[in-house]
Amino acid sequence: MVSLNPVQIFKAGAEEEKAETARLSSFVGAIAIGDLVKSTLGPKGMDKILQGGDHISVTNDGATILKAIGIDNPAAKVLVDISKVQDDEVGDGTTSVVVLACELLKEAEALVSQRIHPQTIITGWRKATDVARQALTDFARDHGNDPEKFRNDLMNIARTTLSSKILTQYKDYFSNMCVNAVLRLKGSGNLDAIQTIKKLGGGLSDSYLDEGFLLDKKIGVNQPKRIENCKILIANTPMDTDKIKVFGTKVKVDAVSKVAELEVAEREKMRDKVNKILKHGCNVFINRQLIYNYPEQLFADAGVMAIEHADFDGIERLGLVTGGEIVSTFDCPELVKMGHCDLMSEVMIGEDKLIKFSGVALGEACTIVLRGATKQILDEAERSIHDALCVLTQTVKETKTVFGGGSSEMLMADAVSSLATKTPGKEAVAMEAYSKALRNLPTTIADNGGFDSAQLVSELRALHSEGKNTMGINMELGEVADMEKMGITESFQVKRQVVMSASEAAEMILRVDDIVKAAPRPRQQDRCH
């Protein structure tokens with residue numbers, strides 16, 4: 001006779017949640033994440049303070065907030081991951097994608113409680129996603145062939161992106177700075193050529209765009225402070241006193257003169273190394289590692305500018321913009337590719353000295369210098385600039401644009417509702433839920449501004465049903481307005497990625513009907529005592 005008792009197949013300590021319990025756990029975790037970042041959405045969104053140990057950051061960037069918090073719920077981790085992907089892929093829309101996925105799951109929870117099967121909901125959502133994407137594509141404008149209109153589009157996109165950031169007060173100034181920096185790239189989209197340097201002091205309005213490349217280092221003692229027609233050797237090599245690198249080794253000598261001989265041998269070895277470097281014909285030597293006093297003196301005697309301890313990101317970017325390669329051995333000068341620039345000089349920013357490279361081989365290279373009163377302001381300003389640069393770079397590659405202020409979401413919601421009225425069966429209910437989730441985005445934006453969202457969204461819905469698809473919410477006055485006339489423009493690529501990623505993430509979470517948590521690894525006994 002077969003026993004009807006449940007069979008334990010998991011290790012002791014493992015946990016399993018099944019069916020409705022698993023689905024409810026997923027919904028609750030994901031919705032909690034959406035509610036956490038919802039208040040940061042839109043130009044009137046609020047900031048969050050993130051504190052870890054002594055480090056404090058103040059931000060309203062969705063990806064930064066979600067990276068900083070520790071999460072145990074598996075469904076919530078899915079939303080954190082899509083936020084990271086959105087940030088890596090297009091740079092902006094990190095909050096929108098999480099809030100849309102959260103709204104979809106709220107609607108799905110209501111549908112599941114009405115006994116509609118998750119697979120039916122997913123089928124309806126897939127059809128709705130296709131229609132929404134097609135409606136967005138048909139509505140997009142493309143001024144890629146008209147340089148003047150396209151630059152205006154880029155300016156509008158930068159303003160729209162920065163309007164929800166800390167830089168909103170100076171958005172025209174920083175938008176112009178970002179557009180100039182991106183247009184210098186000439187369509188290459190290589191953001192490594194744009195460097196951002198943060199310097200405490202002054203105000204945000206003291207920030208500026210500097211042509212060329214800035215290295216946050218000082219020139220060595222007794223060395224030339226200005227060099228023209230620079231031949232730059234970029235290296236990652238030890239230039240300190242050689243050490244015996246065998247752990248526990250001891251050197252025994254029978255006289256003090258032997259110690260002096262060792263020191264002389266070390267100096268001769270270092271002199272040979274410096275001579276090998278000088279044979280390359282360089283007049284600037286930049287090293288990733290330390291340069292001790294003796295080799296620094298030898299370089300100064302030879303009239304070579306030596307710069308030590310350049311951070312790895314710095315020399316990687318320096319190699320890119322000057323056209324040089326990073327080397328670590330110096331036996332074959334003819335095989336080494338050196339960097340070049342017209343002028344190297346020392347400049348002052350605030351109270352700090354930096355090295356400026358002018359006329360670099362990569363002509364599009366430039367540096368954005370950010371000034372601000374506190375480290376937190378500078379960090380948030382850098383995140384804002386990074387988002388704007390990423391969005392502008394994507395727009396240069398995919399030149400289509402759409403309008404913001406909730407107009408695109410209302411347009412897609414209307415297209416999905418129209419399809420739902422023509423679709424028989426329960427899939428139509430899922431499509432209506434998808435449409436409602438899209439409309440909840442402008443609702444949230446209006447709520448965050450302290451406006452009457454029910455009134456505004458109902459007005460928008462009526463106007464869009466009449467074919468006025470450029471109408472959105474004016475967040476300055478709290479009323480419905482024409483986004484085309486206001487210049488509230490967003491990147492088509494960003495908006496499309498938000499819809500696709502949110503739909504896929506919500507679908508993945510909705511499919512879950514079982515959660516199995518592995519047994520925690522047992523702690524081993526400490527055998528040190």
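The chain holds 16 helices and 19 strands, and the model you are looking at is a predicted one. Along the principal axes, its C-alpha atoms fill a box of roughly 95 × 80 × 40 Å. Of the 529 residues, 48% count as buried. If we take the contacts with a separation of 6 or more, 76% of them are between residues 24 or more positions apart.

Let us begin with the division into domains. The domain assignment gives three: domain 1 takes in 15-142 + 402-517, domain 2 takes in 149-212 + 365-398, and domain 3 covers 213-362.

How do domain 1 and domain 2 meet? Their centres, taken over C-alpha atoms, are separated by 27 Å. At the place where they touch, 23 residues of domain 1 are in contact with 18 residues of domain 2. The size of an interface is often given as the accessible area lost when the parts come together. For domain 1 and domain 2 that area is about 1,800 Å², with 48% of it on carbon and sulfur atoms. On the domain 1 side, Asp 92, Thr 489 and Ser 491 lose the most area to domain 2, and together they make up 23% of what that side buries.

Polar and charged groups also take part here. Between domain 1 and domain 2 there are seven residue pairs in polar contact, and two salt bridges are found across their interface. Which elements of domain 1 supply the touching residues? At least two residues each come from β3 (55-59), α3 (74-89), β18 (489-491) and α16 (492-510). With five residues, β3 gives the largest share of this side.

Now let us follow one helix, α13, which runs over residues 427-448. With 22 residues at 1.5 Å a residue, α13 should span 32 Å, and its end C-alpha atoms are indeed 32 Å apart, so the two values agree. Is this helix enclosed or open to the outside? Of its 22 residues, 18 are buried, so α13 is largely enclosed by the rest of the structure. After the helix comes Gly 450, whose phi is positive, near 80 degrees.

Two salt bridges let us see how α13 is joined to other helices. Side chains of opposite charge can pair when their charged atoms come close. One such pair is Lys 127 and Glu 427, whose side chains meet at 2.7 Å, N to O. This pair links distant parts of the chain, since Lys 127 sits in helix α5 (residues 118-139) and Glu 427 in helix α13, 300 residues apart. Lys 127 has 37% relative accessibility, so this residue counts as partly exposed.

The other pair is Asp 414 and Arg 439, in a salt bridge of 3.1 Å, N to O. Asp 414 belongs to helix α12 (residues 407-422) and Arg 439 to helix α13, so the bridge ties together parts that are 25 residues apart in sequence. Arg 439 is buried, because its relative accessible area is 7%, which is under the 20% limit for that class.

Helix α5 has another residue worth a visit: Thr 129. With a relative accessible area of 8%, Thr 129 is buried. Which residues does Thr 129 touch, once those up to four places away in sequence are set aside? The partners are Tyr 434, Val 499, Met 500 and Ser 503.

Stepping back to the whole chain, the count of salt bridges comes to 28. Among these charged groups, Asp 35, Lys 38, Glu 103 and Lys 106 are linked in a network. Another bridge joins the side chains of Arg 226 and Glu 228, at 3.4 Å, N to O.

Our last stop is Ala 310, in the loop between β10 (305-307) and α10 (312-322). Is Ala 310 buried or exposed? Its relative accessible area is 0%, so Ala 310 is buried. Leaving aside neighbours within four places in sequence, Ala 310 is in contact with Leu 215, Lys 217, Ile 286, Asn 287, Arg 288 and Ile 315. Lys 225, by comparison, lies 85 residues from Ala 310 in sequence and 17 Å from it in space, C-alpha to C-alpha.

Conventions. Residues numbered from 1 in each chain as written. Predicted model: local features only at pLDDT ≥ 70, side-chain atom pairs only at ≥ 80, totals over all residues. Heavy atoms only, no water. Helix = DSSP H or I, 4+ residues; strand = E, 2+ residues; numbered from the N terminus. Expected span 1.5 Å × (residues − 1). Buried < 20%, exposed > 50% of the residue type's maximum accessible area, 1.4 Å probe, protein only. Domains from an automatic or database assignment. Contact = heavy atoms within 4.5 Å. Buried area = accessible area lost by both parts, 1.4 Å probe. Salt bridge = Lys/Arg side-chain N within 4 Å of Asp/Glu carboxyl O. Polar contact = N/O pair within 3.5 Å; in protein donor to acceptor, adjacent residues only side chain to side chain.
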